[in-house]
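Reader: Please take one part of this model and go through it closely. I would like the surface described before the interior.

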Amino acid sequence: MSADTNPDTMKASSYSWYVLGVLVVVYILNFIDRQIISILALDIKRDLGLTDSDMGFLGGAAFAVFYALFGIPLGRLADNWNRVKLLSIGLALWSTMTALSGFARNQLTLTFARMGVGIGEATASPTAYSLISDYFPKRQRATAIAIYSSGLYIGGGISLFIGAKIVESWNAAYPGGGPLDLVGWQAAFLAVGLPGLLVALWVASLREPVRGAMDGVPSTGSGKPFTDFFADLSTIVPPFTLIGAWRRGPAAFAINILVAVLLAAFAWIMIGLTGNLPQWSAVALGYYAVFSWACVLRQKDPPTFRLIWGTPAFICTTLGYGLVALAAYALAFWSAPYAEQVLGLPKSELAFVLGANGAASGFIGVILGGRLADILRARNPAGRILVILFGVIAPVIPIWIGYSTDNVLLFYVMNFLAGMFGAAALGAAAATTQDLVLPRMRGTATASFFLGTTLVGLCFGPYMVGQISDLTGTMVDGQLVGDLRTGILSLIGVAPIAVVLLLYAYRAVPEAEASLLERSGERASA
């Protein structure tokens, strides 16, 4: 193998860094469109007559389930088709659906719009992670992914500032509703959605890299990417899931039915306890679809199944980080409504401070965490797991202090620290899962990784806070006023579970990575 094709000596080019910059812009738009609902939450609650748990659903499961599920076939499509084209199409779709959110008149129509945003955004990270892995060598990969991931925090912070400015300006100009009878929060959705259509054209100009070249294992995708895509799609959409299970045999069909019944029973019990039909219906659908897809993957692509679902190191890393994400997503969604409702801060002030706070803390945390993860990885195959553990443990005290105090400055400082510490884990977790699969599997591995961050983190984080807030709230003038302080402090309870999962991953990752080819059953060509 010549020096210029040796994975240990290859370097990222200037064009690689340019592509990374474009991907960061895309991720910023991704999170502006995803998170702007946070600063609009109290306005939407008031106009549509919703509760905290309803808003937790709209900020979580309504988006997360469809983001996660479509991430599965879209992740496979990213492994088999042109990733640049896929990303540009996805960006155009989620931008359009964000704009359409501005025409929502009730919870149902806003839910459908949020579902559409989730489907479009499901193209982003599978394509971006795969592109980054083919533009950057392994020794720089966590740093590159961390830089890309900084868009998450920048976008989330900008969304608060932009959303508050648009709402206040629009409502001041049109107190009774403006053109098309739109109010401030509806105008905000339109304003942030439409620019994404222009950025989609920019993304389409990027070059598609050779898969696996940075690892010295050039590979190609499937010769029939869309046939595989629609086949994968049929594995997650009932009733096609039942047809697929029947084709695999009576035993597979019976197991599929049993899992569907158990999840339906679970959802029925939880709906009875909470009264929230949309949340638990979405959860049951999501987990049933993931089970059905995993069964098909096991049959059609055993090597990929073994390296993802059959690898405890991968599962524990994903679930461990998923619980970090649970707290992060909950804070990202509820910190602004909390500051407005509990601390009585004006929307314009809290949006500016929390927006800058979140962008800076997340950016600093994810960059430093990614760099530290690469340094520790060079010394210890499981070194990156230590950074994820830090992201679990370090935010506990800042969350406790920040959401117990009535001191505004202390709240802002603690919120900054909690965000920075939690953000440090992302690059480490993502890079670990990428290293546990072969190059041709990276899109699927990314989709599977994001199942943890979405179906565990985003699906339950905002909703859990909202539900506990409603349960511990009080009635004021015939209306339920939730206790957001108790809801947010309940997030601390997930930390011990995450620690146990990650300690296991720390022990299992070195052996899992060392036995990659052997366990996959595939041979790599030099």
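Author: The model is predicted, and the surface comes at the start of this account. I397, W400, I401 and L410 make up a nonpolar patch there, and their accessible area together is about 390 Å². Helix α19, which spans residues 396-402, is the main contributor to the nonpolar patch, giving 3 residues. One residue of helix α19 is I397. The relative accessible area of I397 is 58%, so I397 is classed as exposed, the cut-off being over 50%.

The interior is next. The largest nonpolar core has 165 residues, and those touching the most other members are I39, L40, I44, M55, Y148 and Y321. Helix α16, residues 312-341, gives the most to this core, with 17 residues.

I44 can be followed further. Apart from neighbours within four places in sequence, the contacts of I44 are I37, G49, L50, M55, L110, W185 and F189. Among these is M55, which is also listed with I44 among the core residues that touch the most other members.

Y321, another residue on that list, leads to T453. T453 lies in helix α22, which covers residues 442-471. T453 has a relative accessibility of 2% and therefore counts as buried, since the cut-off is under 20%. With neighbours within four places in sequence left aside, T453 is in contact with Y321, G322, A325, Y329 and L458.

To set the two ends of this account side by side: I397 is exposed, whereas T453 is buried.

Key. Residues are numbered from 1 along each chain as its sequence is written. This is a predicted model: local features need pLDDT of at least 70, side-chain atom pairs count only at pLDDT 80 or more; totals for chains, interfaces and linings use all residues. Side-chain values use heavy atoms; hydrogens and water are left out. Helices (H or I, at least four residues) and strands (E, at least two) are DSSP runs, numbered from the N terminus. Buried means under 20% relative accessible area, exposed over 50%, partly exposed in between (1.4 Å probe, protein chains only). Contact means heavy atoms within 4.5 Å. A nonpolar core is a set of buried Ala, Val, Leu, Ile, Met, Phe, Trp, Tyr and Cys residues joined through side-chain atoms within 4.5 Å. Patches are made of residues with over 30% relative accessible area and no salt bridge: like charges are joined within 9 Å, nonpolar side chains (Val, Leu, Ile, Met, Phe, Trp, Tyr) within 5 Å. Accessible areas come from the Shrake-Rupley method with a 1.4 Å probe; for residues, only the protein chains shown count as cover. A salt bridge is a side-chain nitrogen of Lys or Arg within 4 Å of a carboxyl oxygen of Asp or Glu.
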